[in-house]
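Please work through the exercises below with the sequence and the model at hand. Each task is followed by a solution in steps.

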Number of protein chains: 2
Amino acid sequence: MDAEDRLGNHDNNVNDIENEVLLDGNGFERHWSDIADKNVTFKEPLLSRRRNTTSQIAIVGANVCPIESLDYEIIENELFKQDWRSRKKVQIFQYVVLKWALALLIGLGTGVVGCFNNIAVENIAGFKLLLISDLMSKEKYFKAFAAYAGCNLGLATIAASLCAFIAPAAAGSGIPEVKAYLNGIDAHSMLAPSTLFVKIFGSIFGVSAGFVVGKEGPMVHTGACIASLLGQGGSRKYHLTWKWLKYFKNDRDRRDLITCGAAAGVAAAFRAPVGGVLFALEEAASCLISLDAYPNSEQPNYLACSRWRSALLWRTFFTTAVVAIVLRAFIQYCWTGKCGLFGQGGLIMYDVSSAAASYNIPDIVAVLLLGVIGGIFGSLYNYLVDKVLRTYSIINERGAAPKVLLVIVISLLTSCCSFGLPWFAKCIPCPTTSTVSCPTVDGSGNYKLFQCPSGYYNDLASLFLNTNDDSIRNLFSTSTEKEFHISTLFIFFAAIYCLGIVTYGIAIPSGLFIPVILAGACYGRLVGRLFASISELDMGLFALLGAASFLGGTMRMTVSLCVILLELTNDLLLLPLVMLVLLVSKTVADSFNKGVYDQIVKLKGLPYLEAHAEPYMRHLVASDVVTGPLVTFSGIEKVGTILHALRTTGHNGFPVIDEPPLSDAPELCGLVLRSHLLVLLKGKNFLRDGVVLTGEEILQRFAAFDFAKAGSGKGVKLEDLDISEEEMEMFVDLHPITNASPFTVFETMSLAKAAILFRQLGLRHMCIVPKAQGRPPIVGILTRHDFMPEHILGLYPRIECHK
Amino acid sequence: MDAEDRLGNHDNNVNDIENEVLLDGNGFERHWSDIADKNVTFKEPLLSRRRNTTSQIAIVGANVCPIESLDYEIIENELFKQDWRSRKKVQIFQYVVLKWALALLIGLGTGVVGCFNNIAVENIAGFKLLLISDLMSKEKYFKAFAAYAGCNLGLATIAASLCAFIAPAAAGSGIPEVKAYLNGIDAHSMLAPSTLFVKIFGSIFGVSAGFVVGKEGPMVHTGACIASLLGQGGSRKYHLTWKWLKYFKNDRDRRDLITCGAAAGVAAAFRAPVGGVLFALEEAASCLISLDAYPNSEQPNYLACSRWRSALLWRTFFTTAVVAIVLRAFIQYCWTGKCGLFGQGGLIMYDVSSAAASYNIPDIVAVLLLGVIGGIFGSLYNYLVDKVLRTYSIINERGAAPKVLLVIVISLLTSCCSFGLPWFAKCIPCPTTSTVSCPTVDGSGNYKLFQCPSGYYNDLASLFLNTNDDSIRNLFSTSTEKEFHISTLFIFFAAIYCLGIVTYGIAIPSGLFIPVILAGACYGRLVGRLFASISELDMGLFALLGAASFLGGTMRMTVSLCVILLELTNDLLLLPLVMLVLLVSKTVADSFNKGVYDQIVKLKGLPYLEAHAEPYMRHLVASDVVTGPLVTFSGIEKVGTILHALRTTGHNGFPVIDEPPLSDAPELCGLVLRSHLLVLLKGKNFLRDGVVLTGEEILQRFAAFDFAKAGSGKGVKLEDLDISEEEMEMFVDLHPITNASPFTVFETMSLAKAAILFRQLGLRHMCIVPKAQGRPPIVGILTRHDFMPEHILGLYPRIECHK
C-alpha cells in the first residue's frame, strides 16, 4: 500500500494521535508495542475455549481420539511464493517421476499383500477344515468339534489380541475410515503403520477363524495404509527420510496417494480394476476430479506443463492395473500347485457367464421382488448393526481384556452354529451328472460328507464348513438347481444374517461384503426356487442378483458395486439386471435409513461432510453458525500473545489483522496456521521492539519445506518450544507466513452456499467477512464442525420444522 | 433492514443533509429521485462497451455466433426463496419421477436412433457395394467406377446440402461442442432441434457415401441433442409446453440431462455403457460430481430427502444401461434377417478374446514401440487437422455453395482412392483353411474379389470397398496373420491417414474415431509383422493395440478410451497392455501438442475453461484482470438507467449497490441478471417516486418460474419491451430479484485460486470486492472470458516469461 493511498483515505477515520505517530519515525516503533499491549488486554477474555456443540473427537477403533481436518487449500504466503519461484525443471521432473513411481509401488504393494492374504487364509483355514473332515470321516464327532472350536478360538484370540493391544484402529471394516479420510478427516492412527500391520495379520487370522467376516473391507484399508506409509516421507526418528519425498509433505498429495491406495485395495479384493477406480470416484468424488490451482501444492504446476488433465484419475487406473497384473501373475504361479492348499479358490472370481442371459417379463418381476427384499433386509441389517455396535462400544470401552473376551464369546457362538446346524440338514444323494467328485475330498468343494454315509452329502455343511469364499462360489454355481434344499437355504440365511450382525464390531478386522453377499445369495436362490416354474434364469444368476440386492440395500454404493459385480462375474450382458436390482434395493432401503458405512462414520463421531447441503441450511446465513469468540493476531504480534493463544485454544487457524499504522483501517491480512506458528516460534526469529521489515530475514532463514506438513505426530509440538520470559515480550512478524488469500464469504451468504464452497474446495477454514463497512474486518471462521447438523441443530433446535 | 439498524449506525458517517431527509417522510422520497439522477450522471461515462481482448463469439459450424456462459450458480433472491418455501411434497415427487423418466427417454431415444442409424447405413452402403461387386464380377470396370463415384457423390451432396443449408452447426464431430457445453459454454444452435435432425441424417448419408468418417462422434452429439430437446420444456410457439417440464428451466438441470445424453451417445456408438459413463465423467468432470446446495436449483432439495448422493452418476449409468438394452434387443431382432442388408456387422463389437492373452518381454517392447509410434503419428495428425481446418474455414466462410462444392471435391477424391488404389494390389490365393466363403459373396466380408480371377482375392479392395466398420473388423480379425500383404497395409494406412485429415472439416457430420482406429489398426498390424518372429501375440491383437495407440495419440482421453476398448473387445485380460500403450502414446503426444478435440474447441473460439490454472496466473491477483468500467445499479433504480445500461452494454450481470439512505455506507447488495431485469421491466411494476417497500408486491405479481431460464432464443428480449417516456422516469425496486449472496473474492486473491473457485463452482460471474474499507464496495466482475489465456496475455504480454 503506498503513501498516497494511506493519506488519501485518512480523512475518513481522523485520529490525531495516529497522525502524530506516523510523522514521528521513532514513535512509530514505540507506538507498536503500545498497540500490541492493548491487543493483549483486549483479547484476553476471548481466549476462552471455543464452544462447539459437536464432538471434536471420534471413536477410532473403540478408542477416543482427537480429530483434525485435512486442508486442501494452498497456503499462499510469501514463503510459498518465493519457494515456488525458485523451482527448477529438474524438481518438476523428480516430482512427476516420483508420483508415478509411488503409484506403481502402491499397486505392487497392495497386490502382493492381497496375494499373501489369500495364500495365508486358504492354507490356515484349509488345514483346519481338512483336519475336521478327516476326523468326521472317522466318526469322531466330539473330537472334531473340539478341534474345530479350538482352532477357531486360537485364531480368534490371536486376531483379537493384535487388535486390542497393538492397534485398536484396525478393528472393523476400514472402509468408513477411508471414506472419512478422503472426505478430509484426519484421525490420528487411522492410517498408521501399526494399523497396517494389524489389519493384514488380524484379517488373516480373523477370516481363518471362521468368523462371518470378509477380507475385502480390510483390504481397502490396507491399500490406503500402504499408500499413506509410502507417502509419509520415511521416519525422521530412524533417519530414514528421503529427500525426494519432501514433495509429498502436504495434505493434497497425500490424499491423492491414498485415493490410489483405496482403489488398489478394491482392485485387490475383488480383482476389479475398473471397479476400484469407480469406488474411489464414488467415495472420494470431489477429490478425484478436483481442479488444481497449484496441482501440487508445494511445487510448480506440472499439470500445466504436461497437460495431464485427469492425471489423478488416470494414475488411479494405473495403480489398479498394476494390482490386476500382480494378481494374475500370482494366480498363474499358484495354478501349478506351489501355494500349498491354495488352489483355484481363494481369489474370488465367480463365473456365471455360462448361464443364459436372455430374460423376459417374469424374470423382471423376480428381479424387482429381489430388489424390494434386498432393500428391506438391508435397511434392517443396518439398523441392527447400529444397535449392536452401540452395545459393543460399552464393552469395548472397558479396555483390552473385555474386547478379547467378547471376541472369544462370538467365536464360540460361531463355532457352535457352524458345527451344530448342519446336523439338522438331511443327507442328499450325490448327483449322478456332477463332474466334480462327490463327496468332496479336499478343503473346498460343493459336496461335504459331514455325518452322511458315503454317496451322500450334507448341503448345509458344504456352506458352513467351508471358507466364506468357497461358500459363495457354491451358492453362485450354475446348473445346480436342486443342490441345496430349501430348508438348508433358510437355516443358512438366518444364521449368516444374525452372525454377520453380531460379528461386526468385535475387535477384529472384519469386512462386511462377504456376510452380505452370503446372505443375499441365499435368499436369491430361495426366490429363484419360487420362480423356478416361470423363469428361465439360472439359480446361480438368482444368487448373484440376490447378493447384488442385499449389497445395494446395505452399502448403497450403486455405481461402483455394479461395476465390481460386472468384473467379478466377467459378463457384461448381466448389466441391465444388476442395475435394476441395485436401483430398486437402494431406493427401498433409502426410505428407511442410511448406508451402513455412513452409519458407522456417524457412530464413530467422525465429522463427515455430506455432498449436499441440508434443507434447513437455506434458512440460515453463514454468520448464524459462528460460535464463540474469535482469536486474532496483529501483523506484528507479541510472542507472549501468540503463545498464550496457542496454549489456551485448540484453534488451528488464526486470522491476522493489520491495524493502524500498518494500514489506515483494520484490514484482514490473511490466515496463519498453528503449525506454521509453531515452526516460526521454534526458529526464534524475534524482534526486540517491533522493528518492521524482517520479512526478508525470515525468508532467508526458513525454507518453505520447514513449514511443510509433517507426518502424523511428527510436527513441532507446543511442548517443544522453549521461550524465555524475555523473549515473551518480543515481537514476531507474521506476514511472511500468512496466507494472504484465504477463501472468504460475506456474512449474509446463505449457509447452504457456503457449505458447498467449503466442501467443493476441500477447505479447513473459511473466513466470514462483514458486508457493511466500518466493522472489524472478520466476523468469524467456519470449520468443518460448524457445518455438522448436530452443531447447527444445537444452535437452532426448531429449524428442522421448517423443512 | 429495520429502522433501528439504520439509526444505530448513523453516528459513523454524520451527514446533516441525509439526517434531515430521513426525518422528513416526503423528503425521503424526493431525495431518492435526486440520488437516482445523480447516479445517472455519475454512471453515464461508464456505460461504454466493455473492452475485452478475447473473442466473445465462436465459430459454430463455420458460422460465427455469439456465445453465452451457462450459470450453475443458484440465484438466491427473495423470489427464489419464497418460491422454495412454498414447495410441496407432490412437486418434489413430480420432479424426481420426471428426472428418471427423462433419463429413460434419453436412453430409449438415443438407443433407437443408434439402431436406425446402423440399419440405414448398412442398407444404403450395402446396396451400393453389392451393385459394384456385381458390375465388377461382370468385368464392367468403368461402369462400376461410375456407379460407385456417382452413388458416393449423390449421397455426399445430400449430406452436405442438409448441413450447409439447414444446420451448419451439425458439421464435424460434435464431441468438441458437447465438451464445451459441459464446460459451461452455451453457443446458440449447438444443440438445436435442426442440428439434431441434420446430425442424424447427415451422418447416415455421409457415412454411406464412403467418406473416411465415423458415426461415433455424431452419435455423441445426437445423444446430447436429444437430451437437450427433451429438457427444453416443449415449444411455447406451438403451445406444446408441459407444466412439469418447467422444473428443468435452468442451466443445472439441463446440464445434467445433457450429461446423460452424451453418455448415452457414447454407449450407443460403441455399445459401451461403462465407457459412456466414464467418458461423461472425464469430459464433464466437475459437473458430474458437483455438490449441490440446492440440487435442483429451482426446487426443494430432493437429494436431502432421498439421500441419493451420487444420483447423477447413477442416473447416467441408468441411461447407458437403457441404451445397451435397446441395442441388444435390436441386434436379436435383426439376427433373424429382418433388417435388410444389416447382418452381423453394423454395430461395432470386435471379438479378439479368442487370441491368447499371455505375454512376455518382446511383446512389451512391441507395445512400447506402438505407443511411441501412436504418439508421433497422433500429434502429427492433430497438427495437420488443425492446418486443414484453418484452410477450409476460408472456403466455408463464403457460404453454402462453396461448402457443398468442397464436399463434392473430397467425395470424388475419396472415390478415386477407394476404387483406384486396389488395382495396385496383387491378387492373393484364397486361404484353404478359412471357414468363410472366399471370395466373399455378400456386402461385408474379408475377401473381396475385385478384379481378381476366381479363387483369389484382392486384400486392398477388402479394406477399401467395405463399410468402415467392416474394414475395422477385417483388420481386427484374429488368426489371419498373412491375410494382408505388407504393401497393402502401407498403402491403406497412407491413404486413410491423408483422407482422414482432409475429410474432417468439410460440411458433413464426421466422426474422428473410425479414421483413427482404421489407421491405427493398419500400423498395428505392420508392427505385428515386424515382431512376428519374436512375439506370440496375435495380429488381431496388434491391430487393436495399434488402434489404441493412435486413439491415445490423437484424443488423449485415456481412462474412457481404455474402458471403451475393453467393452468393445469384451476381454478384461487385455487391460494391462491397452493401458500401457495408451499411457505411452499420450505422454509422447502431449509433448508436442494438445488433443484434437481441445484444438478444435480452441479453433472454434469457444472459451473453454481448463481444469487447471496456468502457471502465470499465480503472479497475478484477481483485480489485475478486471478490465473496463463497471455498470452498477442502485437498490431502487430509475427505469431509464436500467434500460440504457441494457441497451449499451452486453453485460449479463449487474451489481446492485445499496447507497445511503438505504444503508449507512455503500454496500454490495448483490447481483442482478439481465434476463431477470427484462422480465421485471416487461412486468411494468414501476414506482412513481421511488416509494420503497414494494418487494411484497413484486413477490405477489411474479412467480419464480417467470424468471426461470427460457429455452434458447425464447426469453424476453430487449426489443419486446415497450416503455413509454413517462415510465422511463419511474423507479423499480431491484431487491426482490437480486441474488443476495453472489460468490465474492478479495481483490488480492491470487488469480489462480480465483480461477479454481470459478471453474469448480461453475460460476458465470464472480464479484471482486476491495480488501480495504472506505472504497466502493465492488471492484469488478470476472467472467469466463477474463480467465482466458488470450485475455490475460493480452493485458500482460510478458508474463509468460516468468513461467
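The exercises go from a whole chain to single helices, strands, sheets and cores.

The model is predicted: local features need pLDDT of at least 70, side-chain atom pairs count only at pLDDT 80 or more, and totals for chains, interfaces and linings use all residues. Residues are numbered from 1 along each chain as its sequence is written, while chains are lettered from A and ligands numbered from 1 in the order in which they are written.

**Exercise 1. Chain A as a whole**

Describe the secondary structure, burial and contacts of chain A.

Solution.
- Step 1. Helices (H or I, at least four residues) and strands (E, at least two) are DSSP runs, numbered from the N terminus. Chain A has 29 helices and 13 strands.
- Step 2. A residue is buried if 20 or more other C-beta atoms lie within 10 Å of its own, exposed if 12 or fewer, and partly exposed in between, with C-beta atoms placed from the backbone. By this criterion, 59% of the 803 residues of chain A are buried.
- Step 3. Two residues are in contact if their C-beta atoms, placed from the backbone, lie within 7 Å. Among contacts in chain A with a separation of 6 or more, 81% join residues 24 or more positions apart.

**Exercise 2. Two helices**

Compare the end-to-end distances of H18(B) and H22(A) with their expected spans, and examine their burial.

Solution.
- Step 1. The expected span of a helix is 1.5 Å times one less than its number of residues. Helix H18(B), residues 486-503, has 18 residues; the distance from its first C-alpha to its last is 25 Å, close to the expected 26 Å.
- Step 2. For H22(A), residues 575-590, the 16 residues should span 22 Å, and the end C-alpha atoms are 22 Å apart, which agrees.
- Step 3. H22(A) is mostly covered, with 15 of its 16 residues buried. The buried residues of H18(B) include B:Leu489, B:Phe492, B:Phe493 and B:Tyr497.
- Step 4. Helices H14 (361-396), H15 (400-420), H16 (459-464) and H19 (513-530) of chain B are among the elements that cover the buried residues of H18(B). Just after H18(B), B:Gly505 has a positive phi of about 115°.

**Exercise 3. One phenylalanine**

Why does A:Phe419 count as buried, and which residues is A:Phe419 in contact with?

Solution.
- Step 1. A:Phe419 lies in helix H15 (residues 400-420) of chain A.
- Step 2. A:Phe419 counts as buried because it has 23 C-beta neighbours inside 10 Å.
- Step 3. Leaving aside neighbours within four places in sequence, A:Phe419 is in contact with A:Phe145 and A:Tyr148.
- Step 4. A:Pro789 is 370 residues from A:Phe419 in sequence, and their C-alpha atoms are 47 Å apart.

**Exercise 4. An enclosed strand**

Which strands pair with S8(A), and how many of its residues are buried?

Solution.
- Step 1. Six of the six residues of S8(A), residues 653-658, are buried, so the strand is largely enclosed by the rest of the structure.
- Step 2. In a regular strand the side chains alternate between the two faces of the sheet. On one side of S8(A), A:Gly653, A:Pro655 and A:Ile657 are buried, and on the other A:Phe654, A:Val656 and A:Asp658 are buried.
- Step 3. Two strands pair if DSSP finds at least two bridges between them. Strand S6(A), residues 633-634, pairs with S8(A) in the parallel sense over two bridges, and A:Ser634 stands opposite A:Ile657.
- Step 4. Strand S9(A), residues 667-673, pairs with S8(A) in the antiparallel sense over six bridges. Here A:Pro655 stands opposite A:Leu671.

**Exercise 5. A sheet and a recorded domain**

Give the strand order of the sheet with S11, S12 and S13 of chain A, and locate the CBS domain listed by UniProt.

Solution.
- Step 1. The three strands form an open sheet in the order S11-S12-S13, with mixed pairing. Its edge strands are S11 (744-746) and S13 (780-782) of chain A, each of which pairs on one side only.
- Step 2. S12(A), residues 766-769, pairs with S13(A) in the antiparallel sense over three bridges. The bridge partner of A:Met766 in S13(A) is A:Leu782.
- Step 3. An unreviewed UniProt entry lists residues 737-798 of chain A as "domain: CBS"; UniProt positions are given in the numbering used here, feature names are shortened, and annotations may be inferred rather than shown by experiment. Over residues 737-798, chain A is 29% helix and 16% strand, and the end C-alpha atoms are 42 Å apart.

**Exercise 6. Nonpolar cores**

Which residues have the most contacts inside the largest nonpolar core?

Solution.
- Step 1. A nonpolar core is a set of buried Ala, Val, Leu, Ile, Met, Phe, Trp, Tyr and Cys residues joined through C-beta atoms within 7 Å.
- Step 2. The largest core has 359 residues, and those with the most contacts inside it are A:Cys163, A:Val578, B:Cys163 and B:Val578.
- Step 3. A second, separate core of 121 residues includes B:Val656, B:Met766, B:Ile778 and B:Val779.
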